[in-house]
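User: I'm new to this structure and would love a close look at a single part, the surroundings of the ligand. Could you walk me through that part and then on to the nonpolar core?

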Amino acid sequence: MLAKNTLMKKVPLIFLISFYIIFNFNYISYAQSSGEVPGATSGLNSDADLWRYIRQGNKGNTQLGNELSAVMIQSEGDNWRSIRNGPLSRYGAYGIIGILILLAWYYSYKGRIKVSKGFSGKTITRFKAIERFSHWLMAGSFIVLAITGLNLLYGKYILLPILGPETFSIITTSGKYAHNFLSFAFMLGLGMSFVCWVSHNIPSKLDVEWLRQGGGLFNESHPPARKFNAGQKIIFWAVMLGGLSISLSGWALMFPFETNMMSKTFGILNMIGFNLSTDLTPLQEQQLQQIWHGIVGLVLIIMIIAHIYIGSLGMQGAFDAMNSGEVDRNWAKEHHGLWVEEEDQKAKNADKKGSVNQPAE
Ligand code: HEM
């Protein structure tokens, strides 16, 4: 108790240090400044008329003609670049560092969540082989996609200065191939996991109670849950919907200029009160797809870091579910009590049916 109180007192200090680290991240400010001024030149300031001419064309009065001069410098490209290297990279980094600090704090506050009655030695089947295969296909490919994707966004600020241009370029080029090809494995795993688990993830009244009790994460309670609790349902739907969206935008980036999903999506959003331009050039389509792909990717990565923590280090006995598929009955009763009751009932019914069908000797 004493140790916990001392720790609690340190919480504000931990947060102060964390924020200090976050705000002192050099490469983030570098990303921003290098993105805001293309080429980091003073050309825009010193030769305003010339740049305006190159960007907006000369209204058809030159040999270049309007069409060609308009594409010499594409202003939307500058906007896209400054969003990608500015807020997208900056807030993504804040989110990733933030969740790591939060989890470190939670671990120091709560420690590993233990099975309060201890292991019983008896197990119950939690996930069949097909469910585990689907999970690991989706999870394994996602982890590689996440690492190679993060390298595309932050590699030049973190790895390039350490590894040098030759090694960095080999790593990044092979990473890009891995990113492209493994996306298909991810889509397959995503679809299979959806089919396996959707029926267990329909929201119910029980979820409200689970959320009201904070899932027992901040006290010793174990709110009732079936196969998946409300927290897991949130992860499930975020992965399924985010996974679908990131797959579609990734498809548009892999096969460029073949879709106009962004203008179609904006058209739908306009029907519910938004006022977005649906008159997008093919390049703008690609730029928006890239920004959206980055946002969804970063949000998923942040959520999945928390998921990986709770499925491994954070909770005793949880990893078995996805490893062997068998979990200890005491673990199952504490975290998914109603599911254990349902499974026991199913087994009893199957026994009864078996003995009725048993031919008389
Ligand atoms: C090393 C990485 C990972 C570990 C150790 C891990 C562990 C687990 C475990 C133990 C469960 C079952 C929990 C239970 O029995 O109730 C689970 C479920 C699940 N995992 Fe993972 N996982 C990992 C990576 C991922 C990734 C990358 C994704 C998605 C891209 C993912 C998506 C899911 C989903 C949707 C479920 C079902 C809902 C839930 O339990 O939250 N997992 N994972």
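**Around the ligand**

Analyst: Happy to help! Let's begin with one contact: a polar side-chain atom of Gln232 lies 2.5 Å from an oxygen atom of the ligand. Please keep in mind that this is a predicted model. Two histidines also approach the ligand through nitrogen atoms of the ligand. For His307, an N or O atom of the side chain is 2.8 Å from a nitrogen atom of the ligand, and for His135 a polar side-chain atom lies 2.9 Å from a ligand nitrogen. Helices H7 (129-163), H10 (230-254), H12 (282-311), H13 (319-323) and H14 (329-357) each give two or more residues to the shell around the ligand. Of these, H7 gives the most, with five residues.

Stepping back to the whole shell, 22 residues surround the ligand, and the closest are Arg126, His135, Gln232, His307 and Ala321. By type, the shell holds 16 nonpolar residues, five polar and one charged.

Now for the nonpolar core. The largest one has 41 residues, and Phe142, Phe186, Trp331 and Ala332 have the most contacts inside it. Two or more residues each come from H6 (75-110), H7, H8 (165-197), H10, H12, H13 and H14. Here H6 provides the largest share, eight residues. To finish with one core residue, Ala332 is in contact with Ile124, Val327, Gly337, Trp339 and Val340, leaving aside its neighbours within four places in sequence.

Technical notes. Residues are numbered from 1 along each chain as its sequence is written. This is a predicted model: local features need pLDDT of at least 70, side-chain atom pairs count only at pLDDT 80 or more; totals for chains, interfaces and linings use all residues. Side-chain values use heavy atoms; hydrogens and water are left out. A residue is near a molecule or strand if one of its heavy atoms lies within 4 Å of it. A polar contact is a pair of N or O atoms within 3.5 Å; within protein, one must be able to donate a hydrogen and the other to accept it, and residues adjacent in sequence count only if both atoms are side-chain atoms. Helices (H or I, at least four residues) and strands (E, at least two) are DSSP runs, numbered from the N terminus. Ala, Val, Leu, Ile, Met, Phe, Trp, Tyr, Cys and Pro count as nonpolar, Asp, Glu, Lys and Arg as charged, and the others, Gly among them, as polar. A nonpolar core is a set of buried Ala, Val, Leu, Ile, Met, Phe, Trp, Tyr and Cys residues joined through side-chain atoms within 4.5 Å. Buried means under 20% relative accessible area, exposed over 50%, partly exposed in between (1.4 Å probe, protein chains only). Contact means heavy atoms within 4.5 Å.
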